[in-house]
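This note is written for a colleague who is meeting the structure for the first time. Please read it alongside the sequence and the three-dimensional view.

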Amino acid sequence: MDVRQYRMLIGGELRDARSGATLEAVNPSNGELFARFPKGGPDDVDDAVEAAAAAFPAWWATPPLERAASLEELAAVIVENAPELAMLDVTDNGSPIREMRKDAFNAARLLRYFAGVVLEQRGDTIPGLHGRLNYTLRHPFGVVGRIIPFNHPLMFAAGKIGAPLIAGNAVVLKPSEHTSISALRLGELVEGIFPPGVLNIVTGLGGDVGDALVSHPKVRRIAFTGSAQIGRSIQARAASNVVKTVTLELGGKNPIVVFPDADIDRAIDGALRGMNFTWQGQSCGSTSRLLVHRTLHKEFVERLASRMAALRSGPPADEATDIGSIVHRAQFEKVMNYIDIAAQEGLRLVVGGVQPEAPALSGGLYVRPTLYDDVPATSRLLREEIFGPVLVVVPFEDYDDALRIANDVAYGLSASVFTEDLSTALSFARDIEAGYVWVNDVSAHFLGTGFGGLKDSGVGREENLEEVLSYTQTKNINVLFG
Ligand code: NAD
């Protein structure tokens, strides 16, 4: 196979790391090396931050509708190149083509949304004395550091630069070292869309490039999407030398709660879709704790298990594949370790817990959809984010019991509730400790509504106007004219 060498985008130029060091991109579904890319270091981050700082004043001064036009242009380029970008993610990340194809279009939609709200970044005028005018402006931070995880490589690389850019900031983007290739291809495709330095893409290890960005004194705004563990360390590290604004989109252990009056067919479908088995469970929003009322429990688990058993494991590039490969070996070992822990804890395995048997898949990091039933409150599988295709079931007695179990974790990202009773639905939506709640539905994001978590799931909201405004600070201006 042709092993391509990709380069970083710094100050409008495609560059290797100053050190010349590289990392390897390996297809997790078959272990094949398919690309090399720069292993950047703090000196490369310095270059990118300096380029961004130099580009910022002119970008900020660019008329808002022209900034919006640049985002629209980027969206069009992504759509035009969607097949190639999707295939890069399939090869790098292991998720099935049917899913990864959607990511390019979701990224374009996000960019178009942010372009569309450019004129909504308004201020206030404050009533005052005659002869005085008091008003507010929105002041961008200058250089924004954007750090993203592995699970939607292109969608995050493109979609998460939209808000800071439309607010007038320059961006330094750091993709996951496990899935950097589509972001680097994006860096090639943006040529001519943004002035040099407005968007910079630096690759390398989190502890080198990510840390250098988080601790850089000229980067006053960090937006991080990733695990709670790294998110907490970033929150502390960001304060090490200057004051920074940090937002965090972190992990989840999201409950799906099925009350006795629920439409059971719809709820079973929801439990299957909510787990995002089509991304091997690797989604922050995966509903990985299934709380079912005791009256439905037995039938629910039997029917769900047979639907899970029917999901087809296969090569991610195959259109017929439902569940592909875990993204990289350490993540695969993490998932398999939880399966070992389940055995040690004596959990009741209903389905899965193994790799697929097909010899054709033996070279990849595949895990079958896995279901454990009657999981006790003490189980680690009930409390810790696995980020794999592993679902745990807990039967409950009544509303209070369900709510207590649902809230009894450190995370608070999202939740789903299935019930036909309006009062139960609205009460649960109010009481659950989660930043995003679905009633009789799962997973869908709606552009313009804020996504983000409570508790250890994060700080801040994204995919809405609030996200755009979070890349600005309010400035108050008091004019005496009388
Ligand atoms: P991760 O936390 O390991 O890494 C995320 C990013 O942080 C990567 O780019 C990595 O290189 C970088 N990084 C690592 N150490 C760093 C450091 N010390 N300083 C700065 N940057 C550093 O996460 P992951 O394994 O790539 O992704 C999975 C996690 O992301 C899960 O917990 C998942 O729930 C979460 N996630 C959350 C959302 C959300 O919107 N809330 C969306 C997707 C994924």
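The points below take up the ligand site, the cavities and two sheets in turn.

1. The model is a predicted one. The remarks that follow should be read with that origin in mind.

2. Surroundings of the ligand. The ligand is surrounded by 27 residues. Those that come closest are I148, E177, S227, L250 and E385. By class, this shell is made up of 14 nonpolar, 8 polar and 5 charged residues.

3. Polar contacts of the ligand. Oxygen atoms of the ligand take part in several short approaches to the protein. The side chain of S227 places an N or O atom 2.6 Å from a ligand oxygen. From the backbone, an N or O atom of I148 lies 2.8 Å from an oxygen atom of the ligand, and for a backbone N or O atom of F150 the corresponding distance is 3.3 Å. The ligand taken alone would expose 860 Å², of which the protein buries 89%.

4. Elements around the ligand. Which elements give two or more residues to the shell around the ligand? They are α8 (206-214), β11 (221-225) and α9 (228-238). The largest share is that of α8, with 3 residues.

5. Largest cavity. The structure contains 2 cavities of 30 Å³ or more. The largest cavity holds about 70 Å³ of space. Its lining consists of 13 residues, and G281, S286, S288, E385 and F387 are those nearest the centre. The lining divides into 5 nonpolar, 6 polar and 2 charged residues. A reader may wish to note E385 in particular: this residue is among the closest to the ligand, and it is also among those nearest the centre of the largest cavity.

6. Second largest cavity. About 40 Å³ of space is found in the second largest cavity. Here too the lining is given as 13 residues, with P255, Y411, G412, S414 and E433 nearest the centre. In this lining, 7 residues are nonpolar, 3 are polar and 3 are charged.

7. The antiparallel sheet. Three strands in the order β6-β7-β23 form an open sheet with antiparallel pairing. Why is one side of β6 and of β23 left without a neighbour in the sheet? Both β6 (125-126) and β23 (472-480) stand at the edges and have a single partner strand each, so one side of each has no neighbour in the sheet. The antiparallel pairing of β6 with β7 (residues 132-140) runs over 2 bridges. Within this pairing, T125 is placed opposite Y135 of β7.

8. The mixed sheet. Another open sheet of 3 strands follows the order β1-β5-β4, and its pairing is mixed. Its edge strands, β1 (4-5) and β4 (22-26), each pair on one side only. Between β1 and β5 (residues 33-38) the pairing is parallel and covers 2 bridges. At the level of single residues, R4 has A35 in β5 as its bridge partner.

9. Points to check in the view. It is suggested that the reader begin with the ligand oxygen that lies 2.6 Å from the side chain of S227, continue to E385 beside the ligand and at the largest cavity, and then locate the edge strands β6 and β23.

Terms used
Residues numbered from 1 in each chain as written. Predicted model: local features only at pLDDT ≥ 70, side-chain atom pairs only at ≥ 80, totals over all residues. Heavy atoms only, no water. Near = heavy atom within 4 Å. Polar contact = N/O pair within 3.5 Å; in protein donor to acceptor, adjacent residues only side chain to side chain. Areas by Shrake-Rupley, 256 points an atom, 1.4 Å probe, with all protein chains shown as cover. Helix = DSSP H or I, 4+ residues; strand = E, 2+ residues; numbered from the N terminus. Nonpolar A, V, L, I, M, F, W, Y, C, P; charged D, E, K, R; others polar. Pairing = 2+ DSSP bridges. 1 Å grid on protein atoms, 1.4 Å probe; cavity = no way out; pocket = protein on both sides within 12 Å on 5 of 7 lines; lining within 4 Å. Points joined across faces, edges and corners; volume = space filled by probe spheres on them.
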